[in-house]
Amino acid sequence: VGSPHERFFWALKAAELGDSGAQASVGFCYLFGKCVEKSNSKAFSWFLKGALQQNRNCLQKIGYLYERG
C-alpha cells in the first residue's frame with residue numbers, strides 16, 4: 001500500500017497518463033492539501049482533465065470550485 005506520499009506519486013503518474021480516476025485523486029489532494037501544498041488552481045486543472053473524460057467526481061468538483069469562486 002505504501003505511505004500517503006508514495007500513493008500520491010503513483011496517482012500522479014497515472015493522472016499524467018490520462019487516468020480520470022487518478023486525475024480526480026490528484027485534484028482532491030491539491031484541493032485539501034494532502035501530501036502537497038493546497039492549491040485550488042492545480043486542483044481545478046486536474047478536475048478539468050477528468051471532467052473532459054466525463055468523470056463524475058471531477059464534474060462535481062468543478063461545480064464546487066465555481067460555486068466557491
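**Close-up views of a four-helix chain**

**Figure 1. Ser 3 lies in the segment before α1.** Welcome to the start of the tour, in what is a predicted model. Ser 3 has a relative accessible area of 36%, so it counts as partly exposed. Which residue sits 32 places from Ser 3 in sequence and 9.9 Å from it in space? That partner is Cys 35, with the distance taken from C-alpha to C-alpha. Cys 35 comes back in Figure 6, where its backbone is the topic.

**Figure 2. The whole chain gives the setting for the close-ups, with four helices and zero strands.** Followed along the sequence, the pattern of the protein chain reads α-α-α-α. The radius of gyration is 11 Å, close to the 11 Å from the globule rule for 69 residues, so the chain is as compact as a globular protein of that length. Along the principal axes, the C-alpha atoms fill a box of roughly 35 × 25 × 15 Å. Buried residues make up 35% of the 69 in the chain. Among contacts with a separation of 6 or more, 38% join residues 24 or more positions apart. The chain exposes about 4,600 Å², and 54% of that comes from carbon and sulfur atoms.

**Figure 3. The largest nonpolar core has 17 residues, and the ones touching the most other members are Phe 8, Val 26, Tyr 30 and Phe 47.** Two or more residues come from each of α1 (4-16), α2 (20-32), α3 (40-51) and α4 (56-68). Which helix gives the most to this core? It is α2, with six residues. Take a moment with Phe 47, whose contacts beyond four places in sequence are Ala 24, Gly 27, Phe 28, Leu 31, Cys 58, Lys 61, Ile 62 and Leu 65. One name on that list, Lys 61, carries a charge and has a view to itself next.

**Figure 4. Lys 61, in helix α4, is buried yet has no salt bridge.** How far away is the nearest side chain of opposite charge? That side chain belongs to Glu 67, and it is 9.6 Å away. A salt bridge needs a side-chain nitrogen of Lys or Arg within 4 Å of a carboxyl oxygen of Asp or Glu, so this pair does not make one. Setting aside neighbours within four places in sequence, Lys 61 is in contact with Phe 28, Leu 31 and Phe 47. Phe 47 is the residue already met in Figure 3, among those touching the most other members of the core.

**Figure 5. Gly 27 and Ala 11 are two buried residues, found in α2 and α1 respectively.** Is Gly 27 buried or exposed? Its relative accessibility is 0%, so Gly 27 counts as buried. Beyond four places in sequence, Gly 27 touches Ala 43, Trp 46 and Phe 47. The C-alpha atom of Gly 27 is also 8.6 Å from that of Asn 40, a residue 13 places along the chain. Turning to Ala 11, the relative accessibility is 19%, under the 20% cut-off, so this residue also counts as buried. Which residues are in contact with Ala 11, leaving aside neighbours within four places in sequence? They are Ala 22 and Val 26. For Ala 11 and Val 26, which are 15 residues apart along the chain, the C-alpha atoms are separated by 6.5 Å.

**Figure 6. The loops hold Cys 35, between α2 and α3, along with Leu 52 and Gln 54, between α3 and α4.** What is the sign of phi at Cys 35? Phi is positive, at about 70 degrees, although Cys 35 is not a glycine. Cys 35 has a relative accessible area of 30%, so it is partly exposed. Gln 54 is another residue other than glycine with a positive phi, near 65 degrees. With a relative accessibility of 59%, Gln 54 counts as exposed. Leu 52 is exposed as well, with a relative accessible area of 66%. Where does Ser 20 lie relative to Leu 52? Although 32 residues separate them along the chain, their C-alpha atoms are 8.8 Å apart.

Conventions: Residues are numbered from 1 along each chain as its sequence is written. This is a predicted model: local features need pLDDT of at least 70, side-chain atom pairs count only at pLDDT 80 or more; totals for chains, interfaces and linings use all residues. Side-chain values use heavy atoms; hydrogens and water are left out. A nonpolar core is a set of buried Ala, Val, Leu, Ile, Met, Phe, Trp, Tyr and Cys residues joined through side-chain atoms within 4.5 Å. Buried means under 20% relative accessible area, exposed over 50%, partly exposed in between (1.4 Å probe, protein chains only). Contact means heavy atoms within 4.5 Å. The radius of gyration is taken over C-alpha atoms; the globule rule is 2.2 Å times the number of residues to the power 0.38. Accessible areas come from the Shrake-Rupley method with a 1.4 Å probe; for residues, only the protein chains shown count as cover.
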